[in-house]
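Biologist: I've just opened this one and I'm new to it. Can you walk me through it?
Modeller: Sure, let's put it on the screen and start with the DNA.

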There are 2 protein chains.
Amino acid sequence: MPDTITERCEAMGLRMTDQRRTIAAVLQETHDHPDVDELYARASARDPRISIATVYRTVKLFEEAGILEKHEFGDGRARYEDAERDHHDHLIDMHSGEVIEFCDPDIEKLQEKIAAKLGYRLKGHRLELYGVPIKKD
Amino acid sequence: MPDTITERCEAMGLRMTDQRRTIAAVLQETHDHPDVDELYARASARDPRISIATVYRTVKLFEEAGILEKHEFGDGRARYEDAERDHHDHLIDMHSGEVIEFCDPDIEKLQEKIAAKLGYRLKGHRLELYGVPIKKD
DNA sequence: TTAATTGCAAAGTTTTTGCGCACAC
DNA sequence: GTGTGCGCAAAAACTTTGCAATTAA
């Protein structure tokens with residue numbers, strides 16, 4: 001599997017325009033979960049020719065190609081992240097909206113176990129835990 | 001804790017209009033995760049005087065009162081369910097959008113464990129597992 | 001009585017799309 | 001060269017809100 005987003009786009013046979021390269025580069029350097037407005041702002045800073053319509057079209061294209069993951073964390077906007085980042089799950093603070101990443105080997109096993117219990121194999125699982133995290137004393 | 005949604009509304013001191021009673025009754029009998037359009041359709045069938053603006057205002061009110069849970073399962077529409085149903089989690093089929101409910105005692109324990117590992121106590125947790133479930137042979 | 005709630009229509013947000021021009025292949 | 005992608009602006013989809021009339025308590 002190629003490493004960068006741009007390389008994966010090329011491997012998928014996507015036509016690479018300047019706009020797509022810029023958006024791919026922005027996503028590559030991103031380690032949070034930007035929404036379209038945020039991606040548009042970051043991409044525009046590098047190349048003012050980019051329109052927000054192209055950002056919408058591009059993230060949809062990349063998501064359908066399996067290059068990006070789309071999330072809806074509860075604020076009404078879609079958020080995106082690189083689908084090939086090291087696997088992790090999300091804890092979403094329902095009060096503040098903050099997203100905390102975590103990875104736990106036990107929960108990885110459980111995801112498979114739960115699917116098996118329900119009679120399924122699970123393709124491409126990911127997990128979101130919603131709650132109000134309160135700092136322990 | 002009172003049992004029905006209407007009773008919980010009254011216990012919270014919410015002013016109970018005919019519209020709110022109708023929407024509460026619809027939610028009470030609902031065992032899926034309807035969006036606002038669907039709730040509006042079901043409520044309108046009982047009382048055509050209800051407007052969609054009232055449905056939006058009412059689900060928001062009920063959610064803020066802790067009577068309903070709001071979900072965004074990835075299709076861009078908010079969905080609602082009774083917050084006092086027996087605790088369960090959701091497996092969302094990323095391919096079809098279908099929502100499968102499940103409950104697993106091990107994962108209940110893990111939700112607390114993960115929060116503790118991250119240094120938190122968790123208030124009101126719930127969990128969503130996204131993947132493409134494939135029926136086992 | 002009176003403050004809260006409603007319906008309606010307008011407006012706000014987020015996302016998609018039609019079209020003529022431009023570009024990647 | 002040709003089919004795909006782009007910017008722009010309009011539209012669609014979802015949600016919120018201002019206002020005058022109505023209603024619960």
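Modeller: One term before we start: a polar contact is a pair of N or O atoms within 3.5 Å. Also, keep in mind that this is a predicted model.

Biologist: Okay. How far is the side chain of A:Arg57 from a base oxygen of DNA strand C?
Modeller: A polar atom of that side chain lies 3.4 Å from the base oxygen of DNA strand C, and the cut-off is 3.5 Å, so the pair counts as a polar contact.

Biologist: What does A:Arg57 do at DNA strand D?
Modeller: There, an N or O atom in the side chain of A:Arg57 is 2.9 Å from a base nitrogen of DNA strand D. The elements that give two or more residues to the surface near that strand are α2 (18–28) and α4 of chain A, along with α4 of chain B.

Biologist: Which element gives the most there?
Modeller: α4(B), with four residues near DNA strand D.

Biologist: And which residues are closest to DNA strand D?
Modeller: The closest are A:Arg15, A:Gln19, A:Arg49, A:Ser51 and A:Thr54, out of 19 residues that surround the strand. Of the DNA strand D atoms that come within 4 Å of the protein, 67% belong to sugar and phosphate.

Biologist: What does B:Tyr56 touch on DNA strand D?
Modeller: A phosphate oxygen: a polar side-chain atom of B:Tyr56 lies 2.8 Å from it. B:Arg15 has a polar side-chain atom 3.5 Å from a base oxygen of DNA strand D.

Biologist: Where does B:Arg15 meet DNA strand C?
Modeller: At a sugar or linking oxygen of DNA strand C, 2.9 Å from a polar side-chain atom of B:Arg15.

Biologist: Back to DNA strand C, then. Which residues come nearest?
Modeller: A:Tyr56, B:Arg49, B:Ser51, B:Thr54 and B:Arg57, from 20 residues around the strand. Sugar and phosphate make up 69% of the DNA strand C atoms that come within 4 Å of the protein.

Biologist: Which part of B:Arg49 approaches the phosphate of DNA strand C?
Modeller: Its backbone: a polar backbone atom of B:Arg49 is 2.2 Å from a phosphate oxygen.

Biologist: Which elements line DNA strand C?
Modeller: α4 (52–64) of chain A, plus α2 (18–28) and α4 (52–64) of chain B, each supply at least two residues. The largest share, four residues, is from α4(A).

Biologist: How do the residues near each DNA strand split by class?
Modeller: Near DNA strand C there are nine charged, six nonpolar and five polar residues. Near DNA strand D there are eight charged, six nonpolar and five polar.

Biologist: New topic. How much area do chain A and chain B bury between them?
Modeller: About 3,800 Å², with 59% of it on carbon and sulfur atoms. On the chain B side, B:Glu72, B:Tyr120 and B:Arg121 lose the most area to chain A, together 16% of what that side buries.

Biologist: How many residues are in contact?
Modeller: 39 residues of chain B with 39 residues of chain A.

Biologist: How many salt bridges cross between the chains?
Modeller: Six. A:Lys113 and B:Asp104 form a salt bridge, with their closest N and O atoms 3.8 Å apart. Over all chains, the structure holds 33 salt bridges.

Biologist: What about a salt bridge inside chain A?
Modeller: Try A:Arg49 and A:Asp18, whose side chains meet at 3.2 Å, N to O. That pair links distant parts of the chain, 31 residues apart: A:Arg49 is in the loop between α3 (36–46) and α4, and A:Asp18 is in helix α2.

Biologist: Do the strands run parallel or antiparallel where β5 of chain A meets β5(B)?
Modeller: Antiparallel, with 13 bridges joining β5 (residues 120–135) of chain A to β5(B). In that pairing, A:Pro133 stands opposite B:Leu122.

Biologist: Last one: what joins β1(B) to β2 of chain B?
Modeller: Five bridges, and the two strands run antiparallel. B:Leu68 has B:Asp82 in β2(B) as its bridge partner. The hairpin has five residues between the strands, and B:Gly74 takes a positive phi near 110° there.

Notes. Residues are numbered from 1 along each chain as its sequence is written. Chains are lettered from A and ligands numbered from 1 in the order in which they are written. This is a predicted model: local features need pLDDT of at least 70, side-chain atom pairs count only at pLDDT 80 or more; totals for chains, interfaces and linings use all residues. Side-chain values use heavy atoms; hydrogens and water are left out. A residue is near a molecule or strand if one of its heavy atoms lies within 4 Å of it. A polar contact is a pair of N or O atoms within 3.5 Å; within protein, one must be able to donate a hydrogen and the other to accept it, and residues adjacent in sequence count only if both atoms are side-chain atoms. Ala, Val, Leu, Ile, Met, Phe, Trp, Tyr, Cys and Pro count as nonpolar, Asp, Glu, Lys and Arg as charged, and the others, Gly among them, as polar. Contact means heavy atoms within 4.5 Å. Buried area is the accessible area (1.4 Å probe) that two parts lose on being put together, summed over both. A salt bridge is a side-chain nitrogen of Lys or Arg within 4 Å of a carboxyl oxygen of Asp or Glu. Two strands pair if DSSP finds at least two bridges between them.
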